[in-house]
Structure formats: C-alpha cells, structure tokens
Amino acid sequence: MDNFAAYQATAYSVRDRLIDNWNSTQQYHSSKDPKRVYYLSLEFLIGRTLDNALLNLNVKPNYQKALTDVGFRLEDFIHEEVDAALGNGGLGRLAACFMDSLATLDYPAWGYGIRYTYGIFQQKIVDGYQTEYPDYWLTFGNPWEIERLDVTYEVNFRGYVEKYTDDEGVDRYTWEGGEKVVAVAYDYPIPGFGTKNCINIRLWSSKPKREFDFAQFNEGNYDKSVEEQKAAENITSVLYPNDNHLVGKVLRLKQQFFFVCATLQDVIRRFKKAARPWSEFPEQVAIQLNDTHPTLGIVELQRILVDEENLSWDEAWDIVTKTYSYTNHTVLPEALEKWSVPLIQDLLPRHMMIIFDINLFFLQEVEKKFPNDRDKLRRMSIIQEGNPQYVRMAHLAAIGSHKVNGVAELHSELVRTTIFSDFVEFYGAEKFTNVTNGVTPRRWLHQANPWLSDLITQKLGGTQWLKDLSQLSKIKAYATDAAFQKAWMETKHKNKVRLAEYIKQTLGISVNTEALFDVQCKRLHEYKRQFMNILGVIHRYERLKSLSAAERQKIVPHVVIFSGKAAPGYYIAKLIIKLINNVAEVINQDPEISPYLQLIFIPNYSVSIAEILIPASDISQHISTAGTEASGTSNMKFVLNGGLILGTVDGANIEIGEEVGDENIFFFGTLTPQVEDIRHEQMYRSLTLEPRLEKVVHSIQNNNYGDSIIFEPLLATLRTDYYLLSKDFGPYLDSMDKVDVAFKDRAGWAKKSITAAASMGKFSSDRSIQEYALRIWNAKPVTVE
Ligand SMILES: *Cc1c(COP(=O)(O)O)cnc(C)c1O
C-alpha cells in the first residue's frame, strides 16, 4: 500500500465516524426543531480535513497507534490530501472558521455553498511570473463529501412572467422558467471540538435535467441539445478568482441565483416539516449573507412567499427582513457588486420586477421621512441611474435585512459613515453593528502548531483553553519566566526549521533559521501594499551593500517571505509578483549579503501553506493603506502563534493593538481620517517621492533588478500614489528599524511574543459566533444527547 492508499483508508475510516455524529446530530435537531442558523457563502476556504477531524474528534493518538501497528506513520501521508480551496482569501476562510465555531459551540447551524469543480487556481512561478493552472481537486475522489442524489432541486432561468387576477381580484404573477437545471446536494460534515455536535456544509452542484429536449433532438439539433446539457454543468464549474474586485460576468450571476434558489428550497422544505404558519418563519430561521454574493436570496424568498405561497406583499416582506442579515466585507468602490438591469431582466425577469417594487416601496418611505430631497432618493435607490441602469447589491442587501454588520470596529464605523450614511439616518444606528472577525484556535493553533499547543496545554493543565480562548491570558504570568521563555522560543525555532525544510524542498534554497522571519502572505492587492514591502526590501539590500563587512555584523539578519495569488486579470498585482521574484534572484545570488538578507516567494499560497508559514513567523506585515482592509484575519493567526505585527492602524490591527498593548505591536503610517486629505493634496502637485523611495525607484529603473521596462506600469502607479506608499515609506522603514532593535533583545522579544499571544482571547471565532447568535440571529445552542 502506498502513501495515498494509506491516506484514503484512514480518511474513509474517519469519515465513518463523522457520518455517525452527523446522523445523530441531525436527528436530534429534527426532534427538537430549534431555530436554525443558515450561513450562506459563495466561498468556503476549508483546506485539508483529515488532521482537523482527528483532532476535533479527539482520536488522533488512537489513530497514530493503530497505524503504527500496521506499519504506517500518519505524518508520512497526511500531506497527500488536497486542499478544498473553494474560496479566494479571507472571506472564504472566515466562513470555514465560522463553521468550526458553530459546530464547537453546539449551534444548530448549516453552511450553504457551491461545490465548484475547480477551486481557486494553482499558482506556479515561471520565469518570475505567476502562471495559473486549473485546480481540478476531485480527480481522485473526495472522502469528505457525501453525494446526496436524494436531495435535488430544479433551478430555472429566463422564461417569462404571466400576470393573472386571483379569486379576490388581486393582481398576481407567475414565473415560468425557460432554462432548467438541477442542483444536487453534496454534504460536508463539520465536527465540533470536544462535542458530539457535527454540523453540515451543503454544497450544490449543477447537473442537466434528465429530461432532454427531445423536440430539439428530433429536429436534428443533436449538437445543440448536448451543448445545453453541458451549459447546465458549467454553472458550478469554476470559482471566480477575484478577491475584493467585481467582475460582472453572466455566469457569476447565474451561480449566485442557482445557489440561493436551491438553498431556499432546501430551507423551506425543512421549515415546512413542522407545519408551522409562515409568520413563524423568522423565529425558526436566521439567514446570514456572507457579503452581497447571495443577496438574490432576499428577492427569491419574497417571490416564493408572494407568487407561490400567496402571502400579501407586506406580510412577505416582514418575514424576509426579519430572516435575513448581511455582513459587509468592504467599502472599496471597485469591490461593491452591481449588476446591470438588462442582464437581470433577461436571466431573472420576475426577480427584476420584484427588485423594482422593493425599491419603489422603500423610496416611498424615504420620501415620507425626508420630503423633497431628490438627491437623497438618488443616492439611496437600489437602482443606479444611467444607461444601462445597475442594481446596487449592497443597497438591496441592507434594505432586505434587519441587521448589517462590518467585520472590525473601524470598518463598521466606515460602513456607517460612508457607503450607508443615508441608511443610518433613515433606519437609525441600531441596524448597523459590528462583529469583529475571529479565527478558530483549533486549526490555527492546535492543528497548525502542535508544539506550541502542547506547551500551552501543559502550562494550563488541560485543553479547556481551546474552547475558551480567554483562558490564554493566564500564560501572561510566565512572560518573564526564563524557563518558559526558552521553551516558548524553542517551539518558534522548530517551526522555523519546519518551514525552512519546506522551502528547501520546494525551491531548493536553504534559509538561515537564526534570522528574523519576516512574512507577508495574503492575496496580492495594491491596497495591501506588497509593493511597499518589496521596495523596502530593495532599500535594505542596497543599504547592506553600502556597509562594511564589520558593520553588517551588527544588522539583524532577515529572511523575508512573500506568498499570495494575484487575480489572473490583475495586471499590476502580477507585476508586483514579478518584481519580488526578480529582486529575490539578485539578493539570493549575492553571497556577500545572503547571510543578512534572503528573499523567498512561496508559490501557491493556500490554507495548507498558511499552516506551515504562520507558526514560523517572528514578524508579519499587515500594511494596508489605512481604511482599506476591512478586518484581516491572518493578522490574528500570526499573533496567536507568537508572531508580532508590523502594521498600519487599519482593520482588526487596531483591536489587536488594544489587546496586546502598544509595546507589543509595531504601528506606523497615516491614519484613516487623513487619507482622503492627502490624496486630495497629491492631486494638485506633481508628487516628489520620499528620498529613500526615490533612490529605490531609480535603482529599479537602472535595471538592477532585470530589464526595468516591464515594471514601468507598476512604477507609474507611484505618480498618483493612490495608496500612499510614498507618504508612509519613511515611517515604515523607521518602524522596521524598531523591530530590529527589539529583536536583538532576546528575552525582551520572548516577553513580547508570549504576552501578545496570551492577549488574543478576543480573536477566537467562537467569540464572533456568540455575538452573531446573541445580537443578530437570536439563536441558542442545542446540546446533542
Ligand atoms: C487567513 C487567510 C487569508 C486571509 O489573510 P489576510 O491577510 O487577512 O488577507 C487568506 N488566505 C488564506 C489561505 C488564509 O488562511
């Protein structure tokens, strides 16, 4: 038996246990019929399941022993598993962390999503450039999903709307779909940690209808009827690889409707089992929208209630708004979803009518409250006027929900004061709230960093802290204990060695594990400013070059590590990757400098790579222009693993700073309220770059890092400098110098690392979920017996 076969055998055995728990959980929930929480997300960035399931089920030692008895080692084949990578970045990973917390905290909750045939593309670096390969992750089957050929629904598109008058003389509408496809359910069991509760992520896959269009077939259009069958399967083929950026493709809109249509049929079927009146729907069902991607669910529920269940518009709308709530993930204009009216009209004619009606009734209320303010009506309308008109999905989501939340304090404040300021005035501030994101300590500490998890468990006398992360604060008492510091920093070193081995294997480069590991891994984006980081690396390299050998001895050695994917159509982001790789080529081949500085780009950033990378970092960079990163969650993962942050005053960095204390985080840069003013100033004078930045740019232009002509479009972005790299560059370098000074003091650094990690209790996704349950869903845990 080879490693892959050993993996499969183990996986199928663990799967059996999951299915047992899943069955008892679902039966128990059916018998109690509590209020259910449904988390709707077009993305679930799950990663691998085997190790996570073994740990959550608390059977890892048993499996290890049993495997040893038959001559196998779990560690030898655990990496055979391919990641379930059905997401782009933070948003999709958040959904996965939330599922772990919902299961662990015993909530009767389900996730709903799409079973993409191709997950996020695989990134390879060829000649320094990103190239994309399809992620056909299902080639060798997937032990973690259960195909449910018994759970299928029809989904319609296009067709026509018919108007009729009912027995009471009321105008009513029916929608007859033209294109029909079938949604098939695939269930993904999610075990809680230290509980029998095992919840479900139900992922939909599109299939052609079995009834083939025989009319067409008989007319001799065989090709055409096969094409149509294939088009049906296409709907769930591919995850759109854009992070924080809208690409308005028809197929994407089809995915969105396909998803909410199947999901609502499933949710309603479950609700109807108890034969309750429709008025009780919001007491039995809470639906959370993970960003605007599933917003059509609001319209589809209204359509079902009015057109199919014959409720009045107002009764239906009351139910809809009490059921839904919406999480906003960004205020960046280029990321806000809008779909053209003609496109929706063509694909979903009845839904477009309903959106216009929702908008009409809404604007009538606005008009009542704020008479004679046409500009306000224009600003608040769901419809953006123009040719063509557009549907603003964020407005629709906010109007159709009872709560709207941002994902960190600063971001929620920006939600209230920028994109939804008129809505706050209209609805009152209570509708707009904050739930700061979190990460699951089970995957991001216990699983990813077993050495540190064991050390903490030893110190705290058990694993209770993994279910109540606030208990971590008890290790602050040992922050200056020399023996504990030593043990703590030894785990860090082991993790650096583990990462160094991975780098050696994949890139053939040996990195210095005594150096400071300086990591920035996240999606490539101008607002995240990887460009500023690499410009800073060039500055460091050229400064090192100018020093004498003796002077270099005094410098803290750095291993700088980047990892992250750029959207395939994001030209500037891809150029940043190319620049990083060109600079790495120069630095790593300079034997004089390599002892002091190495630069690594790890290809194909993923959950599995994050699990190796994050525990090994001393410093990680979260350096977005203030006001642009909604929360960030990798910042939380790093600090939880004893890494410190070099970051801007943005997103959840701010709240992390509040928890760990100013001395345990390295903040720099422009603050959010100043950003707009600086952009305004920069528009009116030709920008002179910060001198050290100017020097670096010249060096690139002098072809020191390859032919500079290819970097012209990237360097040109510094002329308007929308993301304030020049403004922040000096403070950034100064802040990095402070990091180096702090790192030289080994005991001082250990104290910071311990104190910071011990202060991270707030950032468990368990806390986030408890806030949602209490303040948004009104849902309670159910202990499975
Ligand atoms: C946590 C995580 C992210 C989010 O990272 P940010 O730095 O918060 O943007 C993205 N991708 C993966 C694989 C992650 O694990």
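Colleague: Let's start with Ser631: is it buried or exposed?
Modeller: Keep in mind that this is a predicted model. Ser631 sits in the loop between strand S22 (619-622) and helix H25 (634-640). Buried means under 20% relative accessible area. Ser631 has a relative accessible area of 3%, so this residue is buried.

Colleague: Leaving aside its neighbours within four places in sequence, which residues is Ser631 in contact with?
Modeller: We skip the neighbours within four places in sequence here. What remains on the list for Ser631 is Val407, Ala408, Asn437, Met636, Gly651, Ala652 and Asn653.

Colleague: And the ligand: which residues are the closest?
Modeller: There are 15 residues around the ligand. The closest of them are Lys522, Lys528, Thr633, Ser634 and Lys637.

Colleague: How many Å is an oxygen atom of the ligand from a polar backbone atom of Thr633?
Modeller: Take the side chains beforehand. An N or O atom in the side chain of Lys522 is 2.8 Å from a ligand oxygen, and for the side chain of Lys528 the value is 2.9 Å. With Thr633 the polar atom belongs to the backbone, and the distance to a ligand oxygen is 2.7 Å.

Colleague: On to helix H3: why do its buried residues line one face of the helix?
Modeller: The buried residues of H3 (residues 60-69) are Lys60, Tyr63 and Leu67. An α-helix has 3.6 residues a turn, so residues three or four places apart point the same way. Looking down the axis of H3, the buried residues line one face because they fall within an arc of 65°.

Colleague: What do the buried residues of H3 pack against?
Modeller: The other side of H3 has the exposed residues Asn62, Lys65, Thr68 and Asp69. Just after the helix, Gly71 has a positive phi of about 85°. As for the buried residues of H3, they pack against helix H1 (3-32), helix H2 (50-56) and helix H4 (74-77).

Colleague: Now helix H29: how wide an arc do its buried residues cover around the axis?
Modeller: In H29 (residues 712-720), the buried residues are Leu714, Leu715 and Leu718. They are on the same side of H29, because the arc they cover around the axis is only 95°.

Colleague: Which helices are included in what covers the buried residues of H29?
Modeller: After H29 comes Asp721, with a positive phi near 45°. The cover over the buried residues of H29 includes helix H21 (530-546), helix H23 (571-588), helix H28 (691-701) and helix H30 (725-744).

Colleague: What about Arg719, buried or exposed?
Modeller: Arg719 is in helix H29, and with Thr720 this arginine is on the face turned away from the buried side. The C-alpha atoms of Arg719 and Gln682 are 9.1 Å apart, while the two residues are 37 apart along the chain. Exposed means over 50% relative accessible area. Arg719 has 61%, so this residue is exposed.

Colleague: Then Arg172: which residue's backbone oxygen does its side chain reach?
Modeller: Arg172 is in strand S9 (residues 171-176), and at 11% relative accessibility this residue counts as buried. Beyond four places in sequence, its contacts include Glu162, Asp166 and Asn310. At 2.9 Å, the side chain of Arg172 reaches the backbone oxygen of Val306.

Colleague: Let's turn to the rings: what kind of aromatic pair do Phe362 and Phe423 form?
Modeller: The structure has 31 aromatic pairs. For Phe362 and Phe423, the centres are 5.9 Å apart and the planes differ by 5°. Planes under 30 degrees apart count as stacked, so by that cut-off the pair of Phe362 and Phe423 is stacked.

Colleague: Which helices hold Phe362 and Phe423?
Modeller: Both residues are buried. They are 61 residues apart, and their pair links distant parts of the chain. Phe362 is in helix H13 (residues 349-369), and Phe423 is in helix H17 (residues 421-427).

Colleague: Which residues form one aromatic cluster with Phe426 and Tyr427?
Modeller: Phe426 and Tyr427 form an edge-to-face pair, 4.8 Å centre to centre with 75° between the planes. Phe426 counts as buried at 13% relative accessibility, whereas Tyr427 is partly exposed at 26%. The others in their cluster are Tyr326, Phe362, Phe420, Phe423 and Phe432.

Notes. Residues numbered from 1 in each chain as written. Predicted model: local features only at pLDDT ≥ 70, side-chain atom pairs only at ≥ 80, totals over all residues. Heavy atoms only, no water. Buried < 20%, exposed > 50% of the residue type's maximum accessible area, 1.4 Å probe, protein only. Helix = DSSP H or I, 4+ residues; strand = E, 2+ residues; numbered from the N terminus. Arc of directions from axis to C-beta. Contact = heavy atoms within 4.5 Å. Phe/Tyr/Trp six-rings, centres within 6.5 Å; stacked < 30°, edge-to-face > 60°. Near = heavy atom within 4 Å. Polar contact = N/O pair within 3.5 Å; in protein donor to acceptor, adjacent residues only side chain to side chain.
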